[in-house]
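Grab a pencil and open the viewer. Below are a few exercises, each with a solution worked through step by step.

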Amino acid sequence: MSTQNNTITENTSPTRGMTRRRFLSTLLSTSAIAFMGSPLLMKVAHAAAAGTKEVLNGAHWGLFRAVVKDGRFVEAKPFEHDIRPTSNIANTPELVYSPSRIKYPMVRRGFLENGPQANTEDRGKGEFVRVTWDQAFELVAKELNRVRDTFGPAAIYGGSPGWKSVGRFHNCRAGLYRLLNMNGGYTKGVGDYSTGAAQVIMTHIMGNPEVYAQMSSYETVLEHTDNIILWGCNPQETLNMGWVIPDHKGFTYLDQLRDAGKNVISIDPLMTESAKHLNAKWYAPRPGSDTATMMAIAHELIKTEKVDEDFLSEFTVGYEELKAYVLGETDGIEKTPEWASELSELPASDIRDIAAQMANGTTMIMGGWSMQRADHGEQPHWMMVTLAAMLGQIGKPGGGFGYSWHYECAGVPSANNAIVPGLSGGKAPENMPPAMPVARITDALLNPGETIDHNGRKYTYPEFKLIYWTGGNPLSHQQDRNRMLKAWQRPETIIVQDIFWTASAKFADIVLPATTAFERNDMEMGGGASGKYLFPMHQVVEPQFESKNDLDIYQGIADKLGFGDKYLEGKSEEDWLRELYGKALAQGKAKNLEMPDFDEFWSNPTSYVEFPTTDEAIQYTRHGEFREDPLLEPLGTPSGLIEIYSKTVADMGYDDCKGHATWIEPAEWLGSEKAKQYPLHMLSPHPVERIHSQTNNISTRDNYTIAGREPVWISEEDASSRGIKTGDVVRVFNERGETLAGAYVTGDLRKGVIRLREGGWYDPEEPGKIGSRCKYGHANVLTIDKGASKLSQATIANTCLVDIAKLEGDAPTVTAFDAPKGA
């Protein structure tokens, strides 16, 4: 769950600056009339009712006008230029007043009475005791110093990978890194759970991670593309949310693509909303067989002489090695459509048909992230680039490949903007320990001192004694929950800083309550990948209960550690916002953008900056400059070219990630012997109406739960053979664990595959007990905790076999969203 927060009891801004209330009222009083002096400054039309005020604020699901009446956040009105406001907008006020909120600093009773290491097996079931903020600051500072001095900085894990709340200044992750850097260092995670395998392998192949890149402009796709291949890509569902504040403009382009009548192919076990929306031809392979199918398409391109040899010669290295493998010259196995058909269960004729369509005109391959969150997840993304190169499409208007079409509305033309920088995480000390692959946290806790391979290096797990987690929910996103619970008993001290009583907070020793993004002042970029907007985020209401801004929490700890004067440099919230905005203003000046000064930007609570879009951005083609001149615009690879064969990777000598894309059988899949015992392949895709575990605790949940639980999608055939119908509570289980879920029977899913979306809150029937059944539908009770390969060590959540049975008897009450004992 994300945290991004505000101040509390004294209601002071970071360090000893003016109060937030005074800050807001002072800025508003500077101009009774909204200044519109800058051509980039826009004003949201509104008419606040008598006795209310309206201010702009935002979240990962969109910008809104927050309506405040009698000091209470009563309504959120969507931004007028939001193309498709999400269901979370209306329910946003619930987050401020949620029963799940952490109200006060809390400490697990056993820890408070007996100190570190005391009864760690009680985590998750032990009673919490309320303490003062001064006591909490003292406890955290004491533990940070004790562990650093006794075991060294490597024993402290600063766990904050992944999401946080929106806001450039109030960044809980950067704030934690800043604190721990100043205190002598810590072990940091590297990579992420979303794209861990792809970002590593793409850096070797294309010279950059690709997965968070701006895509070719949709305008070029509309004009030049003949064929769109949605390979595990479902933007119609995943574009609802964004890393910054979205405007959902990508949906407009999806409508235009539909109306343009493009030839669209969807390769996915599910007939997705995107496939339906774009009238796509649907091919439903076995999960985990994508690389084999791509190999067979490559084989067909070779045999039908549809390969662009000139492009391969000029812009790539290593094609001949890959070609020899596809033709079976190196391993004796020719990667024919018939060979791939045995693995994917797609008819060989379908594979040949896909190859023919891809070779007929300009083709854009839109790849999703789900297939790389699997065993050997590097391979399908590597092979997808190889296919695009064989077609000669990379850098060609309307052609090539992309891995961000389903993220941040990438492809919407970029604006000529000025970006507000974020708070710096500070300078790492000289003795900073090496970073650890983020998905290996459980393994590290269970096996201190063990050495693993990672991207050409050896990494030895430290023995973690203290974990400080903020801006995330590890007992949601980490795989194999029961294995993790065993590991979670190992550290001497676990500190969680969050807004809500997530499972991670319930399994902590010290819990620090942070505020929502709606209880502070900040600013954020908007429009996703386009960077079209700069939005102010005006404080909506005062901090609730005894919650504090993340930075105020770190400041209180820094004071106890003896470097409080350095942590935020003596600057107030207003000082920091002015300074950060000033850096954007300087960028804008260099680009001849007539931006308002800070007072003008901030003075009206419903004004924002909208940046212009250039003709150049409208015609942008990813890798177009490289294609135009590979000598002057080389890629960041050793050769400067696309590395279909990577000598760097080959020289690592890994058996599970070789020098070119390779078919390697997954640890679990429907083609394995294990499928006889667990005959269903579980996929855990992104939720439609939340961001991972964020907003699972508000009434938007009523839109998608079945029998009060996460829905598990099951095919009509699989449901019929088990006597299951929509609305039934079912058991989803394997040897790793069991969870309950609400059945949704559908004809849109291929036989042998189920979908249980990630992010549902973990809700054990017996809190704290390893192996307890989850009552709500938490997918990671079932998933494998294994690295994708020695190269990336990324998560493989989508490699998972299970079975399903209808629950006999009454279903237990869901308590995932309740506060623990004593809270």
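**Exercise 1.** Work out how E3 and E4 pair, and what sheet they belong to.

*Solution.* Start with the pair itself: in this predicted model, six bridges link E3 and E4, and the sense is antiparallel. For one spot to click on, find Lys 69, which sits opposite Arg 72 in E4.

Next, zoom out to the sheet. Three strands make it up, ordered E2-E3-E4, with antiparallel pairing, and the sheet is open. Its edges are E2 (52–59) and E4, each of which pairs on one side only. On average, neighbouring strands here are turned by 30° against each other, ignoring direction.

Last, see what lies on the sheet. Helix H2 packs on it, touching E3 and E4, and the direction of H2 makes about 155° with that of E4.

**Exercise 2.** Decide whether helix H2 (residues 88–97) is largely enclosed or not, and say what covers its buried residues.

*Solution.* Take the cut-off first: a residue is buried when its relative accessible area is under 20%. Now go along the helix. Asn 88, Ile 89, Asn 91, Thr 92, Pro 93, Leu 95, Val 96 and Tyr 97 of H2 are buried. That makes eight of the ten residues, so H2 is largely enclosed by the rest of the structure. The cover over those buried residues includes strands E3 (62–69) and E4 (72–78).

**Exercise 3.** Place strand E18 (residues 466–470): how buried is it, and which strands does it pair with?

*Solution.* Check burial first. Five of the five residues are buried, so E18 is largely enclosed by the rest of the structure. Both faces are covered: one side carries Leu 466, Tyr 468 and Thr 470, while Ile 467 and Trp 469 are on the other.

Then look for partners. E7 (residues 156–159) pairs with E18 over four bridges, in the parallel sense. Within that pairing, Tyr 157 has Ile 467 as its bridge partner. E19 (residues 493–498) also runs parallel to E18, and five bridges join them. Here Trp 469 faces Val 496 of E19.

**Exercise 4.** Describe how helices H14 and H15 cross, then say where Ser 341 fits in.

*Solution.* Begin with the geometry. The axes of H14 (residues 337–344) and H15 (residues 348–359) come within 8 Å, crossing at roughly 115°. The crossing is right-handed.

Now list the contact. H14 supplies Pro 337, Glu 338, Ala 340, Ser 341 and Ser 344, and H15 supplies Ala 348, Ile 351 and Arg 352. By type, these residues are four nonpolar, two polar and two charged.

Finally, pick out Ser 341, which is part of H14. Its relative accessibility is 19%, so Ser 341 counts as buried. Setting aside residues up to four places away in sequence, Ser 341 touches Leu 346, Pro 347, Ala 348 and Ile 351. Ala 296 is 45 residues away from Ser 341 in sequence, yet their C-alpha atoms are 8.7 Å apart.

**Exercise 5.** Find which residues touch the most other members of the largest nonpolar core.

*Solution.* The general idea comes first: in soluble globular proteins, nonpolar side chains tend to be buried together. In this model, the largest core has 87 residues, and those touching the most other members are Phe 73, Trp 488, Phe 518, Val 732, Ile 754 and Ile 804. Follow Ile 754: leaving out neighbours within four places in sequence, its contacts include Leu 680, Met 682, Trp 713, Val 732 and Ile 804. Apart from this core lies another, of 66 residues, including Ile 201, Ile 267, Met 295 and Cys 657.

Terms used. Residues are numbered from 1 along each chain as its sequence is written. This is a predicted model: local features need pLDDT of at least 70, side-chain atom pairs count only at pLDDT 80 or more; totals for chains, interfaces and linings use all residues. Side-chain values use heavy atoms; hydrogens and water are left out. Axes are lines fitted to C-alpha atoms, for helices over the stretch in contact, and angles run from 0 to 180 degrees between N-to-C directions. Helices (H or I, at least four residues) and strands (E, at least two) are DSSP runs, numbered from the N terminus. A crossing is left-handed if the near helix is turned anticlockwise from the far one by less than a right angle, and right-handed if clockwise. Contact means heavy atoms within 4.5 Å. Ala, Val, Leu, Ile, Met, Phe, Trp, Tyr, Cys and Pro count as nonpolar, Asp, Glu, Lys and Arg as charged, and the others, Gly among them, as polar. Buried means under 20% relative accessible area, exposed over 50%, partly exposed in between (1.4 Å probe, protein chains only). Two strands pair if DSSP finds at least two bridges between them. A nonpolar core is a set of buried Ala, Val, Leu, Ile, Met, Phe, Trp, Tyr and Cys residues joined through side-chain atoms within 4.5 Å.
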